[in-house]
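Let's go through this one by asking what earns each label. Here is the structure to look at.

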Amino acid sequence: MPERRVTVASRVGLHARPAALFVRAAGRAGVAVTIAKIGAAPTDARSLLAVMALDVRHGDEVVLAAEGAGAGAALDELAGLLATDLDAAPSGAGDA
Amino acid sequence: MPELTGIGVGRGIAVGLVATMGAPLPEPPDTPSTRAPREELATARSAMVAVAGELRRRGEAAGGDARDVLDAQAMMAEDPAIDAKVTAAIEAGATAARAVHAAFAEYCELLAAAGEYMAARVADLDDVRQRVVAACLDVPVPGVPDPGTPFVLVARDLAPADTVLLDLSRVLALVTVEGGPTSHSAILARARSIPAVVGCVGAAGLVDGATVVVDAARGIVLSDPSPSELAAAERALAERATAHAGASTGPGATSDGRPVALLANLGSPADAAGAVAAGAEGVGLFRTEFLFLDAATAPTADEQEKAYREVLGAFGGKKVVVRVLDAGADKPLAFLHMGYEPNPALGVRGLRALRAHPEVLDTQLAALASAAAATEAELSVMAPMVADAADAAWFVDHARAHGIARAGAMIEVPSAALTAGALLSTVAFVSIGTNDLAQYTLAADRLVGALAPLQDPWHPGVLRLIELVGAAGSLAGKPVGVCGEAAADPLLACVLVGLGATSLSMVPAALADVRAELARRSYADCLRLAQVAVSAPTAADARARVLEATS
C-alpha cells in the first residue's frame, strides 16, 4: 500500500485550522486515506475528531496511507499540505 | 400589564422581543428504542446534517475567526467517526438521541485526555453534541439564542462560558431569573452598559418572541405591555439619550456643585484609552494581577515598569491609584508557593501574602516609583486586605522607602472599617472595596453561587460600616473612595456620597449613568437617601425605600 512519511510543519500541530484544512482535503481526495503516528494504529483522515484525538504536535512524524487508483497523487498532495505551516497560510487556503 | 420585579442594574431601559436561553438537556436515557433502527438512523443523520448546515450558515454570516470555529464545528457534527459509532449503537438498539450523546461524549473524553489546551475544542464539541441531541429530540437548542435580530436575553443566569458565545451588541437588555447585583450577569451588564434586571423570578415564564419592556431603574420587566406603556418606554428611551448627550462629560458633582471625583477601574493598560474616552477623571483602582497571573516567576521590575508607564502615561496630571498585587489561595500564583487552604477567602491573601513575600512588594513598588517619575500622573498606591492600622503602617513604610508618598488602604475587612479612625491617622486615603466588604460582613463566600443573594452592597450592615469610614474620613480630612461594584450602581452611588464617599471608581461604561444621576441630586438629597438606606432592615428594603424616595 502506498505510504508517505511526513513531518508536521504547523506550529500548532495538527489542531484547529490546520487539522480542519487537512481533513477537508482528505475528504476531497477520492480515495480512503488513513493517518497514523509512527508505530500506532492508523485512523480515518476524513474524520476531524479522529485526527484531533491523535494529538499530533509540531515536528511529529506521521504516516499517510491509501490504496486504489490515484492513491499516489492524493498522498503527495496531502503530504505536501502537512509539510506546510498551515496556520501561516492566508485564511481560506485549501478551501474548495 | 403583568409587571415582573427583580433587581435593576444601571438606569437603562429597553423594549424588545424575548429570546430565551434554553436549559441544559438532561442526558438521554439508555433505554432501548421502540422504533426500527432504520428510522432511528434516519433521525440521527438528518439531525447531524441539519446542525452542520446551521453551523455553516452561521459561520458564513459571522466571517473571520468565528467562521473557522463554526466550520470546524460543522465538520464535527457530520464527522464519519461519529457516524460510525452512532450507526453501531443504533443497530444495537439505542435511540438516536442516546447514540449521538454517547458517540460525542466518547470523543469529548478522548480530546480532554489530550491535554488542557484542547479544552476549547472539548467545549466546541460539547456544544455540537447538545445541538445534535436537541435536533434528534426536536426541542430548543440549549445555550445562547440567535434569533437574527437584536433581542432581550432571558436566562436562568449567565456563566462566563455562556457570554463568550454571546454577541452582546445584539442584546438589548438582559433579564435573569436568578443571581444578585454582583452576579456575573450583573457585572457584565454594567461593564457593557446593557440594561438588566437580575433575580427576576417571574421571568421564568417569559416565552420566545414576546414583547417586553425592561426598566432597569425601576427593577421591573413589563410583559405584554399596553400601547400606552410602550409609548412611555419609548419616551423614556429618547429622554435618556438626550440626558446622556448633555451629562456625559465633565467632572462629577451633585446638582449643588459638591465635587465627587468619578474614576475608572482598570484591569490592564489596554483599558486606559476607553476610560479616558468615557471621561474618567483618573483611575481609582488599577488592578495589577494581569502582570502576574500567567507568570511562572515574578515579573521583573523592568517588565512591570513598562506596563505601569502605559497606564500612568494615559492619565497625565491625573490621579492614578494602583492596587498592589492581590493574590491568595483563591488567585494562586506559581511563584508565591501558596499551599492549600480550606477557606481561601479567610486565608493568606492580599497584603497578608505580601507580608510573607516582601520582595514581591518591593519589586512592584520600585517599578511603580520609576514609572511615576517618567510620567506626569499623580501616583497613589493602595494595599488590599488590610486588617488594621498595623497592617497599614507596614505598607506605608514600604511605600515611603520607595519614595511613594501617597499610600492608602483598602477597606474590605470589617475590622478595618470599624477602626477606620486609627487607620486614617497612618494612611493618606482609604478606598472601600464593597464586594469583599459585603462578603466579610455577611459571612458569605463570593465564590459560592447559592449565597449570591447575600452579596448585596445595599445591605444596611455594609452601608453602616461605610458610614463609619465616611465619618472617620471627614474627621481626618482625608479622601474616602469606593471602588467596588456598588459605585457603578447610580442610585447606590448617591447613597455612598451621602455616607461620605469623596470619589467613586467604576467600570468606565458606568461613568455616564452615575454622572447623570449625581447631577440630578443635591448633596442634601444624598444625605437623606443615605439615612433612608442605613435605617432599612434588609438590602431589599434599603433598595426599595431609596427607589421610592426618589420616584
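A residue is called buried if 20 or more other C-beta atoms lie within 10 Å of its own, exposed if 12 or fewer, and partly exposed in between, with C-beta atoms placed from the backbone. This is a predicted model, where local features need pLDDT of at least 70, side-chain atom pairs count only at pLDDT 80 or more, and totals for chains, interfaces and linings use all residues. Residues are numbered from 1 along each chain as its sequence is written, and chains are lettered from A, ligands numbered from 1, in the order in which they are written.

Q: What makes H1(A) largely enclosed by the rest of the structure?
A: Nine of its 12 residues are buried, so the helix counts as largely enclosed. Among them are A:Arg17, A:Leu21, A:Phe22 and A:Val23. Helices (H or I, at least four residues) and strands (E, at least two) are DSSP runs, numbered from the N terminus.

Q: Which elements do the buried residues of H1(A) pack against?
A: In chain A, they pack against strand E2 (33-37), helix H2 (48-54) and helix H3 (71-82); H2 of chain B joins in too. Contact here takes C-beta atoms, placed from the backbone, within 7 Å.

Q: How do you know that the span of H1(A) agrees with the expected one?
A: The expected span is 1.5 Å times one less than the number of residues. For the 12 residues of H1(A) (16-27) that should be 16 Å, and the end C-alpha atoms are 17 Å apart, which agrees.

Q: What does each chain bring to the contact?
A: Chain B brings 14 residues and chain A brings 12. On the chain B side, H2(B) gives the most, with five residues.

Q: Why are E1 and E2 of chain B called edge strands?
A: Each pairs on one side only, where pairing takes at least two DSSP bridges. The open sheet runs E1-E8-E7-E3-E4-E5-E6-E2 in chain B, with mixed pairing.

Q: How do you know that E7(B) and E8(B) pair?
A: Four bridges join E7 (211-215) to E8 (220-223) of chain B, and the two run antiparallel. B:Asp215 stands opposite B:Ile220 in E8(B).

Q: What makes a nonpolar core, and which helix gives the most to the largest one?
A: A core is a set of buried Ala, Val, Leu, Ile, Met, Phe, Trp, Tyr and Cys residues joined through C-beta atoms within 7 Å. The largest has 108 residues, and B:Leu504 is one of those touching the most other members. Helix H12 (358-373) of chain B gives the most, with eight residues.

Conventions
Two residues are in contact if their C-beta atoms, placed from the backbone, lie within 7 Å.
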